[in-house]
Amino acid sequence: MRFDESFMATPPSADAMEAMARQSLEGLPLAFREKMGNVVLRVEEYADPDSLKAVGLTHPMQLSGLYSGRPIGDKSVSDFGTLPDVIHLYRQPILAEAAQRGISIQRLVHHVLIHEVGHHFGLSDADMHALEDEPS
């Protein structure tokens, strides 16, 4: 399924945004998809106050995505009884940022999702920015 935003009269719903994110996940190389395990994907309107505080932010419009869990490299076969890892996408900040930057919502959803997947694989924000800044 490909999303054509030119026909969207209203911003995508949380379900439509989740479908965009799942499409991006399906586009990952198989080696990465296989290591995603049971990571849960959630689209919420805004980050909650505890999530904002955990990353040093104060306003819900400052956070468009968040990975909560333990990166793959930190996991152990002896781990049990832990909650699943979760990738949170925050709909309102994504909509606002896409409009502000003049880019498609789908493109920004993809960017935020890949960033959070990077955290699942243990990459820091600095690592991801360095990768993004490398010439192709």
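Trainee: Which residue follows α4, and what is the sign of its phi?

Mentor: This is a predicted model, in which local features need pLDDT of at least 70, side-chain atom pairs count only at pLDDT 80 or more, and totals for chains, interfaces and linings use all residues. Residues are numbered from 1 along each chain as its sequence is written, and side-chain values use heavy atoms, without hydrogens and water. Helices are DSSP runs of H or I with at least four residues, strands are runs of E with at least two, and both are numbered from the N terminus. The residue after α4 is G102, with a phi near 70°, which is positive.

Trainee: Which residues of helix α4 are buried?

Mentor: Buried means under 20% relative accessible area, with a 1.4 Å probe and protein chains only. The cover over such residues of α4 includes α1, β1 (40–44), β3 (86–90) and α5. In α4 (residues 91–101), the buried residues are R91, P93, I94, L95 and A98.

Trainee: Is S64 buried or exposed?

Mentor: S64 lies in the loop between α3 (49–54) and β2 (65–68). Beyond its neighbours within four places in sequence, S64 has contacts (heavy atoms within 4.5 Å) with H88, L89, Y90, P93, I94, E97 and V112. Because its relative accessibility is 16%, S64 counts as buried.

Trainee: What is the handedness of the crossing of α1 and α5?

Mentor: The axes of α1 (residues 14–26) and α5 (residues 105–120), lines fitted to C-alpha atoms over the stretch in contact, come within 9 Å and cross at roughly 60°. A crossing is right-handed if the near helix is turned clockwise from the far one by less than a right angle, and left-handed if anticlockwise. For α1 and α5, the crossing is right-handed.

Conventions: Axes fitted to C-alpha atoms, helices over the stretch in contact; angles between N-to-C directions. Buried < 20%, exposed > 50% of the residue type's maximum accessible area, 1.4 Å probe, protein only.
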